[in-house]
There are 2 protein chains.
Amino acid sequence: MGYSLRLLDVLRSLHAEEGDTVLVKDTGREYRGILMPHHEFSDPDVVVIKLKSGYNVGVKTGPGTTIEIVSKVQPKERKPHHMHPAKDKKTVAVLGTGGTIASYVDYRTGAVHPALSADDLVAAVPEIGDICNVRSEVIFSIFSENMTVDHWQKLAGAVADRLNGGVDGCIIPHGTDTMGYTSAAMSFMLEGLTKPVVLVGAQRSSDRPSTDAHTNLVSSARFIVESDAAGVYVLMHETSSDTAAAVHLGTKVRKMHTSRRDAFHSVNCSPVARISFEGGIEYLAEHHKRSEGKVRLRDGMDANVALLQFYPGMSPAAFESVLTSHHGVVIAGSGLGHVSKDMVTAIGKAIEAGTKVVMTSQCLYGRVNLNVYNTGRDLITAGVISGEDMLPETAYVKLMWVLGQTSNDGEIRRLMITDLRGEITERREIDD
Amino acid sequence: MGYSLRLLDVLRSLHAEEGDTVLVKDTGREYRGILMPHHEFSDPDVVVIKLKSGYNVGVKTGPGTTIEIVSKVQPKERKPHHMHPAKDKKTVAVLGTGGTIASYVDYRTGAVHPALSADDLVAAVPEIGDICNVRSEVIFSIFSENMTVDHWQKLAGAVADRLNGGVDGCIIPHGTDTMGYTSAAMSFMLEGLTKPVVLVGAQRSSDRPSTDAHTNLVSSARFIVESDAAGVYVLMHETSSDTAAAVHLGTKVRKMHTSRRDAFHSVNCSPVARISFEGGIEYLAEHHKRSEGKVRLRDGMDANVALLQFYPGMSPAAFESVLTSHHGVVIAGSGLGHVSKDMVTAIGKAIEAGTKVVMTSQCLYGRVNLNVYNTGRDLITAGVISGEDMLPETAYVKLMWVLGQTSNDGEIRRLMITDLRGEITERREIDD
């Protein structure tokens, strides 16, 4: 998978399998270790070997490199908790999608590769087997920036199938880059959820000392087993220290730091719960309770939607085709939801031509209010729909979903300003 | 100014002036009060009158409306501190640009209008006259979302002129929507600043009980008079209570809430200072000290730059013309600075065609690092310039400025990754 034809020929002629112990010799160097999975994004001439030290090394091979099999991989039983489920434990489906949480560092290049399967992931965190019965599988394995509506639909379909098939909850290991977008997509696509679906990521890969992969995975399993919450959630470290995880509502959460482990924050509401790593769950906000009933999959989405941030000096001419070529556009305006005069005109033209335009704020925190300034009222006159206190990213996902559910103008507007999955919170006087 | 031709004719025939006491009669209603300035954005048929109660009312006039002059405005001396400057006080230029801080609420419609002149503004806050000699003038009066490079150049020119003419500092009352963009523009355009330039706004207009206009203006004057700091700063409430203002570096500040008075936050660094409303300045970070020397105006900017937020599902085809029609594009990527595979391809093509592309992060907090994942390295290979820990908005303004200074490829790249005005902070281990 992803190897160069030359290297693939060498490995095939050896009947090499992942897990085999191999010896790689190259111009004065030798590497002995276990042959690891090769990911589509890795250099096609590199073989990845897990050394005895536990570190992975990527060795660039060439015509002068020799590879020998030292010993063959032994078939092993890696998931006794899966094969022999305990009847007194809840059962959780782990649906892998890729990302840092399911990745390893290539110590030659320092690069992080998504390579571990969901099985590997669960096997690496044996504590999960003590908490619940695990059914792990890989739905796909990609960097989360490459996520599309197709991936969301495939994932939502798998979640609905497993939940309606009887598991008590789903854990979705996911790349953190776009985890907030996917959690919003799952929130809208999965209607009437009576069980928890927890997206979980890691900011540091599992073979780094500071990894948050283990604690986040274990906390996700604990949240499903110990809490009474139903719905779509994102679980990540609450603080930069190793003390607790925060559980965020899937429609109100945003990645607010490039690298910190506590990068995810609930915006315009409190996190739902705090899970202490020493035990115990503390609820911080009201939440939907678990009940009986099948989840309804409503995965229709119109992918032809754009998200634009307004900025002073934005050229209406340059963005005319973006505004008119999409069925929907979410704008992250300035302040209470503003754009420049000439952008108001351009937006009005796009709306006349049939584009649905929703206004949110690039401030992220607070609520759009188009009634305070003339600019806002001009936008209302032009037909812009208020995004209320939705995150721009959530409004983007919601608009795709709404346009996938109905083509009726009034219904599109009604759905966008109605709270469906906790994405719009009530006005609070303190912010006025 | 901004009146309908019909209303203008009526007012001219009366020789009506702002400040005159007038009586407006309309179908059974009478309004008596002082004729107030009419702003270009107001309804052209509305006259604004300040009632005896102090409230402003906008009266929509028609052919049936009559207007009488009750008494003429008395010429008055409103700025003794300006006409007779005290020699023992510092002199501060107040350069009005519009915005909520220089606005009033139209109680008929509830709308906020930018209407007060810089003189009115200073007259409304007489405490400023006790702190310093004030030279106030209106550079322009607009909603800040309508700010363009032309406005920035006009403003920077005025600041340089007044500072080099001898004032000790400048206060720039500004709309909060795009104040962070303007403070970045002033930071780059004004080179070698030896005095303070303080942009100040208000989230609540000055005739509302919860207004922050007064405290922010007074604190700005105090910061110029009492502190030893030189450079471009933004001053706003530090917390939601009325206790202190925070002074932020002009290149590291962002509006993070639509309506709270403490909406502005320093991102990836600490505010420079805290100004207690009860007295005293506490420094929170190192800052440039005042010295002698003229400021150099370097106001060249290439306005043909765009700012784009990446999102999963972003269509390369839809954004192809945006990427190639601009001389520069700043992208707010996901996480450490990522975009989808097909956007990497589209960006590479645009760079080949001559567009300069700078990568920042939509996380806002933290630092871009294109060396961790393959996506980042592909972007480096494509020629993308790292925005380090710059805010997307600051990187947008800086790229316009850099492209206005040089057309040399290597120099553009060097300037973008070099800290010029505090916009790039050093790597901190805690974030790694």
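This is a short dialogue on reading the chain contact and one sheet in a predicted model.

Reader: What ground rules apply?

Author: Residues are numbered from 1 along each chain as its sequence is written, and chains are lettered from A, ligands numbered from 1, in the order in which they are written. The model is predicted: local features need pLDDT of at least 70, side-chain atom pairs count only at pLDDT 80 or more, and totals for chains, interfaces and linings use all residues.

Reader: How many residues does each chain give to the contact?

Author: Two residues are in contact if their C-beta atoms, placed from the backbone, lie within 7 Å. Chain A gives 56 residues and chain B gives 56 residues. Among the elements of chain A that each supply at least two are β20 (305-309) and α11 (392-405). Helices (H or I, at least four residues) and strands (E, at least two) are DSSP runs, numbered from the N terminus. α8(A) gives the most, with five residues.

Reader: What rotation superposes chain A on chain B?

Author: Two copies of a chain are related by a rotation about an axis and a shift along it. Here the rotation is 179°, the shift 0.1 Å and the RMSD 0.3 Å. That is the relation of a two-fold axis. The fit is least squares on C-alpha atoms of residues with pLDDT of at least 70 in both copies.

Reader: Which strands form the open sheet in chain B?

Author: Strands pair if DSSP finds at least two bridges between them. The order is β9-β6-β10-β12-β13-β14-β17-β18 (chain B), with mixed pairing. β9 (133-138) and β18 (281-283) of chain B are the edge strands. β10 (169-173) and β12 (196-200) of chain B run parallel over four bridges. One bridge joins C170(B) to V197(B).
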